[in-house]
Amino acid sequence: MRTNRLRTAHPVPWAGWAALAAGAVLCVVGWYGVSGERYAERQLPYLASCTIPGAALIVAGAVLLAHGRDTLAAARVEELYGLLVAAEPAGADGPGRPTGSTGSPVAVGDELLAVPGGTLWHRADCPLVAGRTEAVAVDANLVAGAGLGPCPICEPPAPAEPPAPAEPPAPADG
């Protein structure tokens, strides 16, 4: 079931926008007050009461908006992580065996495949290679030559060593 927590209103960005708006209003009021006064001693109250607090509110609003974006991004990453790597109970095959939502193992096939240019070998029914037409069969020579590692999702067994070629019979010395 998909959660809707990312669509809820977050108070931090709204506070940031409010601080930016209030700061902009104070800066405009301060500028207007300063521009109407000829002498510096009469301009200082506008600077102290409007322009400086307005600038501080603009900075605070920018910080709140940046923090709000980080919080929203972190929430999205958490949701994606939860979808991709769900912590589920171990299946019947052992403590480290990944299982699907029904408790059955993710992949159980004996055929081993690898994607050209990839770094892992997989079971043929692994969700990472299922349906990929470019996947090729794997043997021990390919694993050793390409430096492939086992997939952590389907945990395939090590490929079987290919049978050694039969040596031709030695010529008879006769």
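A salt bridge is a side-chain nitrogen of Lys or Arg within 4 Å of a carboxyl oxygen of Asp or Glu. The model used in these exercises is predicted.

**Exercise 1.** Find how many salt bridges the rule gives, and which side chains form them.

*Solution.*
1. The count comes to two.
2. Take Arg42 and Glu37: their side chains meet at 3.6 Å, N to O. The cut-off is 4 Å, so a pair at this distance qualifies.
3. Take Arg132 and Glu134: here the N to O distance is 2.7 Å, and the side chains form a salt bridge.

**Exercise 2.** Classify Arg42, Glu37, Arg132 and Glu134 as buried, partly exposed or exposed.

*Solution.*
1. The cut-offs are under 20% for buried and over 50% for exposed.
2. Arg42 has 51% relative accessibility, so Arg42 is exposed.
3. Glu37 has a relative accessible area of 22%, so Glu37 is partly exposed.
4. Arg132, at 37%, is partly exposed. Glu134, at 35%, is also partly exposed.

**Exercise 3.** Compare the reach of helix H1 with its expected span, then locate its packing partner.

*Solution.*
1. H1 covers residues 11-35, which is 25 residues.
2. From first C-alpha to last, H1 reaches 36 Å, close to the 36 Å expected.
3. Its buried residues are Gly16, Ala19, Gly23, Gly30, Gly33 and Val34.
4. These buried residues pack against helix H2 (40-84).

**Exercise 4.** Work out which strands stand at the edges of the sheet.

*Solution.*
1. The open sheet has the order S3-S1-S2-S4, with mixed pairing.
2. S3 (136-137) and S4 (149-150) each have a single partner strand, so one side of each lacks a neighbour in the sheet.
3. S4 pairs with S2 (120-123) in the parallel sense, over two bridges. Within S4, Pro150 is the bridge partner of Trp121.

Notes. Residues numbered from 1 in each chain as written. Predicted model: local features only at pLDDT ≥ 70, side-chain atom pairs only at ≥ 80, totals over all residues. Heavy atoms only, no water. Helix = DSSP H or I, 4+ residues; strand = E, 2+ residues; numbered from the N terminus. Expected span 1.5 Å × (residues − 1). Buried < 20%, exposed > 50% of the residue type's maximum accessible area, 1.4 Å probe, protein only. Contact = heavy atoms within 4.5 Å. Pairing = 2+ DSSP bridges.
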